[in-house]
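Visitor: I have a new structure open and would like to learn how to read it. Could you take me through it, feature by feature?

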Amino acid sequence: MLGFVKTDNEALVSYLGDPQRAVAAYWELLRRKEDALGAIRAGLSHESAAVREGCCRLLDHLVDTDSMDQLVAMADDPDAKVRVAAFHALACDRCKGDACAPGAGRVLGPALRHLASDPDPQVRMRAVELVGKFVHTDARAVAALEAAHAQDPSPAVRKTAGWFVPGGAVHRRTAPRPARRRAAVRATHRA
């Protein structure tokens, strides 16, 4: 990384496509955070699929509201690895928290479409994770996950979808908790 200290962000983004420099460039861009966002956003339209994939992976950690529409558009990239990285970035809350978590209106449509018809099973598996975020609030998500669980040609996609359908492990773990009865009783007594 010492060799990258004076390297500009655009050059670092292009290095994401070079197997010899990709890892170091990734970490340096991640270290630069918001200062590198413009170059990372521009990298989403780079001719190299490896660069586009790396930019999606960086946006998993650095995404902001200004980048969200570009990241959603990457779900339709011609390269499957880019689509996988885009869906992961859109579904993963661990790296970014709820500050930039996209709502169903932005991401559920593309996720449903790819879950139903993407030719790559890895993309469909990542789409399951994104659709699964809305399983408690949107009937379309439940229907799509149940269909994938029953009919997807990939055993891995069927298994992953099974975690998110009603009764599945992730579905149970992420179910909204009912309001506490005591608080409801207190509120009624106060009125």
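**The core and its surroundings**

Guide: Let's begin in the middle. This is a predicted model, and its largest nonpolar core has 56 residues, with I40, L115 and L145 making the most contacts inside it. The largest share of this core, 8 residues, comes from α6.

Visitor: Where is L145, and is it buried or exposed?

Guide: L145 sits in helix α9. A residue is called buried when its relative accessible area is under 20%, and L145 has 0%, so L145 counts as buried.

Visitor: Which residues does L145 touch, leaving aside neighbours within four places in sequence?

Guide: L145 is in contact with L115, V128, V131, G132, V135, A161, F164 and V165, once neighbours within four places in sequence are left aside. Take V165 from that list: L145 and V165 are 20 residues apart in sequence, and their C-alpha atoms are 6.0 Å apart in space.

Visitor: How many helices and strands does the chain have?

Guide: There are 12 helices and 0 strands. Reading along the sequence, you meet the pattern α-α-α-α-α-α-α-α-α-α-α-α.

Visitor: What share of the chain counts as buried?

Guide: Of its 191 residues, 46% count as buried. You can also look at contacts along the sequence: among those with a separation of 6 or more, 57% join residues 24 or more positions apart.

**Reading a helix**

Visitor: How should I look at a single helix?

Guide: Start with the general idea. An α-helix has 3.6 residues a turn, so residues three or four places apart point the same way. Now try helix α2, which covers residues 22-32. Its buried residues are A22, A25, Y26, E28, L29, L30 and R32.

Visitor: Which helices do the buried residues of α2 pack against?

Guide: They pack against α1 (9-15), α3 (37-43) and α4 (49-62). You can see one case of this from the α4 side. G54 lies in helix α4 and is buried, with a relative accessible area of 3%. Not counting residues up to four places away in sequence, G54 touches L16 and Y26. As for V13, it is 41 residues from G54 along the chain, with 8.1 Å between their C-alpha atoms.

**An unusual backbone angle**

Visitor: What can a phi angle tell me?

Guide: The general idea comes first again. Most residues other than glycine have a negative phi. In this structure, K33 has a positive phi of about 50 degrees although it is not a glycine. You will find K33 just after α2, in the loop between α2 and α3.

Visitor: How accessible is K33?

Guide: K33 has 44% relative accessibility, so it counts as partly exposed. For another loop residue, look at T137, between α8 and α9 (139-151). T137 has 67% relative accessibility and counts as exposed. The C-alpha atoms of T137 and A104 are separated by 9.2 Å, although these two are 33 residues apart along the chain.

**Cysteines**

Visitor: Why is there no bond between the sulfurs of C55 and C56?

Guide: To call a pair of cysteines a disulfide, we ask for sulfur atoms within 2.5 Å. The closest cysteine sulfur to that of C55 is in C56, and it is 7.3 Å away, which is too far for a bond. C56 is likewise in no disulfide. The count for the structure therefore comes to 0 disulfides under the 2.5 Å rule. As for their surroundings, C55 counts as buried at 0% relative accessibility, and C56 also counts as buried at 0%.

**The largest pocket**

Visitor: How much space lies in the largest pocket?

Guide: About 420 Å³. The largest pocket is lined by 16 residues, and those closest to its centre are A91, C92, E129, F164 and R173. You met F164 earlier, among the contacts of L145.

Visitor: Which helices supply the lining?

Guide: α6 (80-91), α8 (121-132), α10 (155-164) and α11 (169-174) each supply at least two residues. The largest share, 4 residues, comes from α8.

Visitor: What kinds of residue make up that lining?

Guide: The lining divides into 6 nonpolar, 4 polar and 6 charged residues. Try finding E129 and R173 in the viewer, two of the residues closest to the centre of the pocket.

Key: Residues numbered from 1 in each chain as written. Predicted model: local features only at pLDDT ≥ 70, side-chain atom pairs only at ≥ 80, totals over all residues. Heavy atoms only, no water. Buried < 20%, exposed > 50% of the residue type's maximum accessible area, 1.4 Å probe, protein only. Contact = heavy atoms within 4.5 Å. 1 Å grid on protein atoms, 1.4 Å probe; cavity = no way out; pocket = protein on both sides within 12 Å on 5 of 7 lines; lining within 4 Å. Points joined across faces, edges and corners; volume = space filled by probe spheres on them. Nonpolar A, V, L, I, M, F, W, Y, C, P; charged D, E, K, R; others polar. Core = buried A, V, L, I, M, F, W, Y, C linked by side-chain atoms within 4.5 Å.
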